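Dear colleague,

I am passing on the structure that we spoke about, and I would be glad if you could keep it open while you read the notes underneath.

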Amino acid sequence: MKSEIEALAIILLASFGLSALVLYLLGIPDFIPKFYALAMSDSINPCTFVIYTMLLIAISVREVSRRRLYIIGSAFILAVYVSYYLLGLGLLFLGHYIPLWAAGVFAIGFGVYTIVTGIMERSRIGDKGKIRKKIFSADATFAGSFALGVVVSTTLLPCSAGSYLVYTTIIAHGNRALALLLLALYNVIFVLPLVVILLAMGGVSESKRFSQAMVRHSMELSVVAGILLIAIGVWVLLAGGGT
């Protein structure tokens with residue numbers, strides 16, 4: 001339990017520190033609280049830990065070396081980042097035509113949905129059987145893991161679509177170049193827990209144990225994520241949501 005708390009502290013401190021520094025340097029410190037609420041609601045989403053736990057179990061079955069673990073894990077994380085960034089580009093285009101009040105209403109609705117499904121312990125991932133089959137049949141190589149990351153990224157959409165759509169809608173109404181930078185930063189925070197698990201937890205067994213611990217607390221994480229989404233939705237409706 002102590003190691004789990006320490007790892008969570010690393011995730012939170014790295015997330016808050018990195019994002020605050022970048023946003024401050026970009027000259028938009030007022031946007032930091034909104035960024036925190038949206039990025040963290042996505043970053044702590046238990047769906048990501050479910051997928052990553054499957055991958056770690058698949059790796060442990062094959063008894064790969066630590067070096068190979070880092071290669072496979074890094075490829076998977078890179079694929080998720082690239083896939084989500086490209087998806088974000090499409091959402092930026094869409095978000096430009098979505099009124100901010102609509103994004104606020106959607107955030108509140110998706111927040112309620114996240115809380116309810118979390119309490120009821122209902123999975124927001126697609127067919128986990130197919131996902132598990134793809135993960136265990138994928139080649140234990142950089143290319144195989146990257147391709148797997150691209151494929152399974154689509155299974156995370158029902159979990160992260162709410163936060164991501166609201167975020168891209170907010171930043172789409174500002175400067176385009178700044179929006180691209182903010183999109184990149186958001187996705188760094190989104191994959192940061194996976195990076196921390198891969199690099200800070202040591203070997204496969206420690207990483208897998210930490211991931212599974214996060215899955216066990218999926219209800220609490222879902223409630224927190226839902227509350228953050230509802231809060232940002234209310235904020236957007238009351239303040240207009242601009243950067």
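What follows goes from the overall make-up to single helices, then to a helix pair, a few residues and the aromatic rings.

Please bear in mind from the start that this is a predicted model. The protein has eleven helices and zero strands, so that its elements, read from the N terminus on, run α-α-α-α-α-α-α-α-α-α-α. Of its 243 residues, 49% count as buried. If one takes the contacts between residues at least 6 apart in sequence, 87% of them join residues at least 24 apart.

Two of the helices can serve as a way in, beginning with α5, which covers residues 100-119. Its 20 residues should span 28 Å at 1.5 Å a residue, and the end C-alpha atoms are 29 Å apart, which agrees. The buried residues of α5 are L100, A103, G104, A107, F110, G111, T114, I115, T117 and G118. Seen down the helix axis, the buried residues of α5 fall within an arc of 165°, and therefore they line one face of the helix. On the face turned away from that buried side, α5 carries the exposed residues W101 and I119.

Helix α7, residues 142-153, has twelve residues, and from its first C-alpha to its last it reaches 16 Å, close to the 16 Å expected at 1.5 Å a residue. Buried in α7 are G144, S145, L148, G149, V152 and S153. Down the axis of α7 the buried residues again keep within an arc of 165°, so these residues too line one face of their helix.

Where α7 meets helix α4 (residues 66-95), the two axes come within 7 Å and cross at roughly 40°, and the crossing in which α4 passes α7 is right-handed. On the α4 side, the residues that take part are I71, I72, A75, F76, L78, A79, V80, S83 and Y84; on the α7 side they are F142, S145, F146, L148, G149, V150, V152 and S153.

A few single residues help to show how parts of the chain that are apart in sequence come together in space. G144, which lies in α7, counts as buried because its relative accessibility is 16%, and the cut-off for buried is under 20%. The C-alpha atoms of G144 and A75 are separated by 8.4 Å, although the two residues are 69 residues apart along the chain. R68, found in helix α4, is partly exposed, with a relative accessible area of 34%. Between the C-alpha atoms of R68 and A140 the separation is 8.1 Å, with their positions 72 residues apart along the chain.

The remaining residue of this kind is V223, which is found in helix α11 (residues 218-239) and counts as partly exposed at 23% relative accessibility. V223 and V116 are 107 residues apart along the chain, yet their C-alpha atoms are separated by 8.0 Å. If its neighbours within four places in sequence are left aside, V223 is in contact with I115 and I119.

Finally, the aromatic rings: a search of the whole structure finds ten aromatic pairs. One of them joins F93 and Y97, whose ring centres are 5.5 Å apart and whose planes stand at 70°, so that the pair is edge-to-face. F93 counts as exposed at 55% relative accessibility, and Y97 is exposed as well, with a relative accessible area of 58%. In the pair formed by Y164 and Y186, the ring centres are 5.2 Å apart and the planes are at 10°, so this pair is stacked. The pair links distant parts of the chain, since Y164 sits in helix α8 (residues 157-172) and Y186 in helix α9 (residues 176-200), 22 residues apart. Both Y164 and Y186 are buried. These two tyrosines also belong to one aromatic cluster, which is formed by F31, F35, Y84, Y164, Y167, Y186 and F190.

With best wishes

How values were computed:
Residues are numbered from 1 along each chain as its sequence is written. This is a predicted model: local features need pLDDT of at least 70, side-chain atom pairs count only at pLDDT 80 or more; totals for chains, interfaces and linings use all residues. Side-chain values use heavy atoms; hydrogens and water are left out. Rings of Phe, Tyr and Trp (its six-membered ring) pair if their centres lie within 6.5 Å; planes under 30 degrees apart count as stacked, over 60 as edge-to-face and the rest as tilted. Buried means under 20% relative accessible area, exposed over 50%, partly exposed in between (1.4 Å probe, protein chains only). Helices (H or I, at least four residues) and strands (E, at least two) are DSSP runs, numbered from the N terminus. The expected span of a helix is 1.5 Å times one less than its number of residues. The arc is that of the directions from the helix axis to the C-beta atoms. Axes are lines fitted to C-alpha atoms, for helices over the stretch in contact, and angles run from 0 to 180 degrees between N-to-C directions. A crossing is left-handed if the near helix is turned anticlockwise from the far one by less than a right angle, and right-handed if clockwise. Contact means heavy atoms within 4.5 Å.
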